[in-house]
Amino acid sequence: MPIEFAERVRRMPVYPLAAGYDLGADVAMLASNECCFTPLPEVVQAATRVLGGVNRYPDPSYEPIRRALADRYGIPPQRIALGNGSCDILLAAGEALLEPGAEVVYAWPAFSVYPHLAAASGARAIQVPLDDEDRHDLDAIATEVTVATRLVLICNPNNPTSTAIGLDEIDAFMRRIPGHVAVILDEAYCEFSLTLGDTYASLDLLRKYSNLVLLRTFSKVYGLAGLRVGYALCGAEDFRVAVDQVRQPFYLNAAAQAAAVEALKHQDDVERRVTETIAGRLEMEDAVRALGLWVAKSDANFIWLHLPETVEEADVVSGLRDRGVLVRAGAALGREGSLRVTVGTDAENERFASALAAVL
Ligand SMILES: Cc1ncc(COP(=O)(O)O)c(C=O)c1O
């Protein structure tokens, strides 16, 4: 007789895993919005240094990384949540806020983990379509907030569509949301955004709205996806307390903590990565437009394009794969007939552009 699992497991969507990690070096890995730059030697050394002491559990107060982030962003350490990637904080927020009868509102397509929150908790998910430019429609989202709403998720810049909403619009949106509803502004890609300005800009909103949470990660521009470090800057301490309460105590391993603290010290390198990524992004967008395709105005380290109706998305994805270029199919992300392509090195970006031209 098979094991009987909880009913919620049957409701939970299976995360669309990226393929290709076994394909070796001669593949352009442009499917998972990772950073194409390897970690700095100082960051690798910091992570390596702590390995001799891993007979001990990691520091459960996370003091050095919490303090480093508090100093950088000027908010009290008690209002900074940490996690095994920002996904960890996202799922913990679902557990802490949602339950049957409650509602969570978010745009769709957006980050593919969002549907898990409702499925895992038994809450109702309200998915609000993006506008004609594949941007969040904040007005439509605000209209969906009811007495049952506990959580609103705004992905800015949005994964998978790469588009960003200006902070003035977010501010006007926040004014419409009751204070007891948590709003997570998922800013995993904020460093790459020209629309948002600098990474301090949205902190002004935190000072105004205690129900706001800025969710960020070391997986993208800091290049630490393989170590898993995420953080949330919270408008009030109670959000941090709740997400810590629902998780195991040791969610951030010792090497990840040490690497993140060191990575924060190298902001010149972060700026260089951003500049190079934006240059690569513009070249990719131009190459896609030159083929006559629509491409969203990207504020992230990836681009989002619509394929012509005359071609099958799956054929394009497999044609690119045959040419050593891995991208994400829109069907797996909520909109068939689209592709999400991460900005890679110059060589990878050129390889993508010529492979796409050949396939189409
Ligand atoms: C919008 C968004 N939020 C959060 C995450 C989670 O990142 P991590 O768990 O690696 O911090 C991702 C990862 O791709 C993302 O695209």
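**Reading a fold, from one alanine outward**

Modeller: Start with Ala300, which counts as buried at 0% relative accessibility. Buried means under 20% relative accessible area; exposed is over 50%, and partly exposed lies in between (1.4 Å probe, protein chains only). This is a predicted model, in which local features need pLDDT of at least 70, side-chain atom pairs count only at pLDDT 80 or more, and totals for chains, interfaces and linings use all residues. Residues are numbered from 1 along each chain as its sequence is written, and side-chain values use heavy atoms, with hydrogens and water left out.

Biologist: Where does Ala300 lie?

Modeller: Ala300 sits in the loop between strand S9 (294-295) and strand S10 (302-306). Helices (H or I, at least four residues) and strands (E, at least two) are DSSP runs, numbered from the N terminus.

Biologist: Which residues is Ala300 in contact with?

Modeller: Contact means heavy atoms within 4.5 Å. Leaving aside neighbours within four places in sequence, Ala300 meets Pro157, Ser162, Tyr189, Phe192 and Arg281. Look at Thr163 too. Its C-alpha atom is 7.5 Å from that of Ala300, although the two residues are 137 residues apart along the chain.

Biologist: Is Thr161 buried or exposed?

Modeller: Thr161 is buried, with a relative accessible area of 0%. Its place is the loop between strand S5 (149-155) and helix H7 (167-176). The Thr161 side chain reaches the backbone oxygen of Asp134 at 2.9 Å. Beyond four places in sequence, Thr161 touches Leu130, Asp134, Ala296, Phe302 and Trp304.

Biologist: Why is S5 described as largely enclosed?

Modeller: Six of the seven residues of S5 are buried, so the rest of the structure largely encloses that strand.

Biologist: How do I read the pairing of S5 with S3 and S6?

Modeller: Strands of a sheet pair through backbone hydrogen bonds, either parallel or antiparallel. Two strands pair if DSSP finds at least two bridges between them. Strand S3 (residues 103-108) runs parallel to S5, joined by four bridges. Val104 has Leu151 as its bridge partner in S5. S5 and S6 also pair in the parallel sense, over five bridges. There, Val152 is partnered by Val183 of S6.

Biologist: In what order do the strands of the sheet run?

Modeller: Seven strands form an open sheet, ordered S2-S8-S7-S6-S5-S3-S4, with mixed pairing. Strand S2 (80-83) and strand S4 (124-129) are the edges, each pairing on one side only. Direction ignored, neighbouring strands of this sheet are turned by 20° against each other on average.

Biologist: Which strands run antiparallel?

Modeller: Strand S7 (residues 212-217) and strand S8 (residues 230-234) do, joined by five bridges. Thr217 has Gly230 as its partner in S8.

Biologist: Which strands does helix H4 touch?

Modeller: For angles, axes are lines fitted to C-alpha atoms, for helices over the stretch in contact; angles run from 0 to 180 degrees between N-to-C directions. Helix H4 (residues 86-97) packs on the sheet and touches S2, S5, strand S6 (182-186), S7 and S8. Its direction makes about 150° with that of S7. Helix H9 (residues 237-245) packs on the sheet as well, touching S2, S6, S7 and S8. The H9 direction makes about 25° with that of S2.

Biologist: What about the whole protein?

Modeller: The protein has 13 helices and 13 strands. Of its 360 residues, 55% count as buried. Among contacts with a separation of 6 or more, 74% come from residues 24 or more positions apart. The C-alpha trace spans about 55 × 55 × 50 Å along its principal axes.

Key: Polar contact = N/O pair within 3.5 Å; in protein donor to acceptor, adjacent residues only side chain to side chain.
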